[in-house]
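Colleague: I'd like a close look at a single part here: pick one helix packing and walk me through it. After that, please set it in its surroundings.

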Amino acid sequence: MTAYLANDRGFLGDKKAPGFLGWIFSTDHKRIGLLYFWSIVTFFCVGAILGLLLRLELFSPGVDFMSAQTYNATFTLHGVIMIFLFIIPGIPAAFGNLIMPIQIGARDVAFPRLNLLSWWLYIAGALLAITSLFTGGGPSDTGWTFYVPFSAQTQSNVSLALFAVFIIGFSSILTGINFVTTIHRMRTTGMGWFRLPLFTWSLYATAWIQILATPVLAITVSLVMVERLLGIGLFNPTQGGDPVMYQHLFWIYSHPAVYIMVLPGMGVVSDIIPVFARKPAFGYKAIVVSSLAIAFAGSLVWGHHMYTSGMSDNAVLVFSFLTFVVAIPSAIKVFNWVTTLYKGSISLDPPLLYALSFVLLFSIGGLSGLILGAASADVHVHDTHFVVGHFHYVMFGGTGFAFFAAMHYWLPKIYGRMYSKKLATIAWGFMFVGLNVLYLSMQIVGVQGMPRRYYDYLPEFTDLNRLATVGSWILAIGLVTMFANLFHSVRRGSPVGPNPWGGASLEWQIPSPPPTDNFGEEDPIVTHGPYDFKEAGIL
Amino acid sequence: MSAHEHKDYVGAKFGMWLFLFTELLLFGGLFILYSVYLSRYPADFVTAGAELDLRFGAANTLVLLTSSLFVALSITALRLGKTKQSLWLLAATVASALLFLLNKFFEWSAKIHHGLYPGSPELQAREIGETVFFNLYYLMTGLHGLHVLIGAVVIVWVMVFIRQGKVHRDDWVILENAGLYWHLVDLIWIFLFPLYYLVL
């Protein structure tokens with residue numbers, strides 16, 4: 001296969017599908033992956049700008065430049081964009097599509113046209129979400145959770161925003177179905193289940209959650225739409241309904257969705273650490289099993305979002321216990337990653353830097369999550385900035401950094417060009433410092449009692465809010481540097497060979513960028529595990 | 001692009017089954033609401049449930065079960081190369097779907113005629129649990145009816161494929177998947193029927 005090096009920019013320059021139309025109607029998993037990647041990065045930047053504006057408004061108490069209504073609309077939009085358009089599709093749809101079929105030795109996913117449809121649905125949903133800002137009663141002001149009764153009553157354009165969520169959810173389901181089928185049916189000769197790279201395993205666990213949880217969100221948001229449009233209110237107390245049932249159904253999806261967000265990130269980290277430690281992954285099977293355990297146990301803990309909703313004390317107790325249970329598989333992963341590094345021959349390249357920050361920041365976020373998981377402590381910090389800090393540590397410090405790690409790890413493979421490692425490291429430094437200043441301040445001010453989702457606050461919270469806002473600027477400098485470096489590398493970076501990092505999984509055995517059919521004439525035959533560097537002849 | 005045209009029947013059916021799971025969970029949310037509200041307003045549910053006409057429900061159950069048989073037979077017919085017979089059986093399925101929807105239309109009309117629809121003055125004068133019951137009734141049977149319609153459209157679409165020769169005795173997985181979808185529509189009704197017409 002190494003002889004197969006002919007490269008006229010691989011799938012990027014496929015002559016059979018030229019031009020813009022050749023991209024947006026392509027069924028090649030790599031092109032669809034890149035379509036997703038660029039759409040997702042665009043929405044991430046929009047969401048990040050909205051986040052910066054929110055922090056700017058909170059620089060001083062009182063109205064700085066946003067009214068209460070504008071602030072409500074802005075944090076709703078920030079949440080909807082970041083959750084539904086960036087972090088849920090982020091790693092699976094972009095890097096899953098780009099890398100997973102290659103990792104299992106396939107030439108495409110099981111249903112290529114369905115894959116293209118998924119991307120179109122994603123774009124259609126995004127366009128609907130944007131349309132909802134400028135039509136009807138203006139942008140939604142409910143928060144991304146769309147809680148009833150407010151979401152059923154507000155004059156803002158909630159129905160269209162919910163329809164957008166429905167469509168994007170459908171896209172997510174189709175990707176999930178595609179990935180599960182692909183991993184079951186399209187592994188190449190010798191690619192047994194326990195030779196799958198851990199990234200592919202994490203996508204497998206994620207895809208199952210996408211399939212099993214997302215339909216519940218679909219029916220839940222549909223019921224809110226029905227109440228708004230037809231007046232049939234299954235959650236409306238004046239019609240005998242129960243608003244708490246909305247919260248149950250919403251979190252039956254949205255808590256597992258948290259694992260849709262973080263599991264692929266864990267997969268990225270599990271793939272990166274062995275390569276840069278030059279050691280096989282420690283506890284491969286334990287990491288696999290913990291992914292599946294997270295997918296399973298994570299589906300049983302939704303009630304921990306609802307300790308103060310008026311649920312019965314017994315239910316609170318059970319959900320609190322289960323929440324602690326789900327921390328176990330996460331901790332297993334962390335210990336396995338650290339043990340993989342132990343006595344490794346570590347090269348601290350940018351992908352590893354980002355992956356290591358994931359481990360640290362995810363641990364901080366996860367441990368503060370235990371405070372929220374304990375019902376007695378949660379009651380005091382519920383709906384404060386502590387919660388905001390917590391989930392940004394997990395989501396941005398965790399999944400966000402994993403997404404960045406994946407960019408630094410796989411973009412050289414996809415574009416065949418290397419970025420400046422020095423700039424990548426500098427960008428990482430800014431982001432790491434900025435992120436901690438931002439979200440640690442939020443957590444402290446939250447413990448002191450500052451509630452979330454207010455454009456205004458008491459004067460005594462000023463210092464920490466200013467610090468957080470300054471943190472957001474440092475973070476922004478890092479983000480701009482990182483993206484500028486990567487964008488520059490995509491066009492003008494120095495060319496790299498097939499295997500710049502010394503990985504042993506299949507994607508590193510083919511040219512960079514990969515050819516359209518991935519593997520040339522012969523299907524690859526796998527004779528060793530994804531981290532057996534000796535057998536792969538790399539060590 | 002797809003130089004390696006690959007046909008994986010097991011994979012295609014596997015994907016369809018996964019999709020059917022998602023449909024079950026879509027209805028699952030409504031079944032949860034049904035069970036919670038039933039346990040909250042058991043007496044009102046029984047009173048309201050008595051208003052439903054068992055004859056309509058039973059007739060529709062019969063229609064749907066028969067239509068599922070038609071689909072199953074049409075798959076066998078196609079595999080045996082009896083294309084014409086297969087098409088007729090599929091047409092019978094679509095006819096059954098329309099019959100089901102017609103029946104549902106009359107049933108709903110009768111209810112609405114009696115003033116039993118969401119937000120009606122008649123319902124507002126009654127116990128609140130009955131409102132919940134009829135809200136659920138219209139939403140669940142409505143969503144199911146929508147699925148009947150989608151299923152019928154899918155079957156018509158497969159019929160076009162058979163006519164064009166894209167689906168034939170050696171390549172019938174699309175028909176089988178459409179059949180699976182139709183059985184799912186049938187299956188959900190098998191749960192709705194007792195919940196609304198029999199147990200209350």
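Modeller: Helix axes here are lines fitted to C-alpha atoms over the stretch in contact, and angles run from 0 to 180 degrees between N-to-C directions. Bear in mind that the model is predicted: local features need pLDDT of at least 70 and side-chain atom pairs pLDDT 80 or more, while totals for chains, interfaces and linings use all residues. Residues are numbered from 1 along each chain as its sequence is written, with chains lettered from A and ligands numbered from 1 in the order written.

The part I'd pick is H13(A), residues 385-415, against H15(A), residues 462-492; their axes are 10 Å apart, at an angle of about 10°. (Helices are DSSP runs of H or I with at least four residues, strands are E runs of at least two, and both are numbered from the N terminus.) The two helices are therefore roughly parallel (angles under 35 degrees; over 145 is roughly antiparallel, 65 to 115 roughly perpendicular, and the rest oblique). H13(A) brings A:Phe404, A:Met407, A:Leu411 and A:Tyr415 to the contact, and H15(A) answers with A:Met482, A:Leu486 and A:Val490; contact takes C-beta atoms, placed from the backbone, within 7 Å. That makes 7 nonpolar residues, no polar and no charged, where Ala, Val, Leu, Ile, Met, Phe, Trp, Tyr, Cys and Pro count as nonpolar, Asp, Glu, Lys and Arg as charged, and the others, Gly among them, as polar.

Just upstream of H15(A), A:Arg453 lies in the loop that follows H14(A), residues 421-447. Its phi is positive, near 65°, though it is not glycine. With 13 other C-beta atoms within 10 Å, A:Arg453 is partly exposed; 20 or more would make it buried, 12 or fewer exposed. A:Arg278 has a positive phi too, about 55°, and sits in the loop between H8(A) and H9(A). Beyond H15(A), A:Pro513 falls in the segment after strand E2(A), 494-495, and its bond to A:Ser512 is cis, with omega about -10°.

Back in H13(A), A:Ala405 and A:Ala406 are among the residues that touch the most other members of the largest nonpolar core, which has 227 residues. Such a core is a set of buried Ala, Val, Leu, Ile, Met, Phe, Trp, Tyr and Cys residues joined through C-beta atoms within 7 Å. H8(A) gives the most to this core, 22 residues. A:Val269 is another of the best-connected members, touching A:Ala402 and A:Ala405 as well as A:Trp337, A:Ala355, A:Phe358 and A:Val359, leaving aside residues up to four places away in sequence. B:Leu136 is on that list too.

As for chain B, 32 of its residues are in contact with 32 of chain A. On the chain A side, H6(A), H7(A) and H8(A) are the elements giving two or more residues, and H7(A) has the largest share, 8. That side divides into 18 nonpolar, 9 polar and 5 charged residues.

Zooming out, chain A has 15 helices and 2 strands, and 58% of its 539 residues are buried. Chain B has 7 helices and 0 strands, with 38% of its 200 residues buried.

Definitions and conventions:
Contact = placed C-beta atoms within 7 Å.
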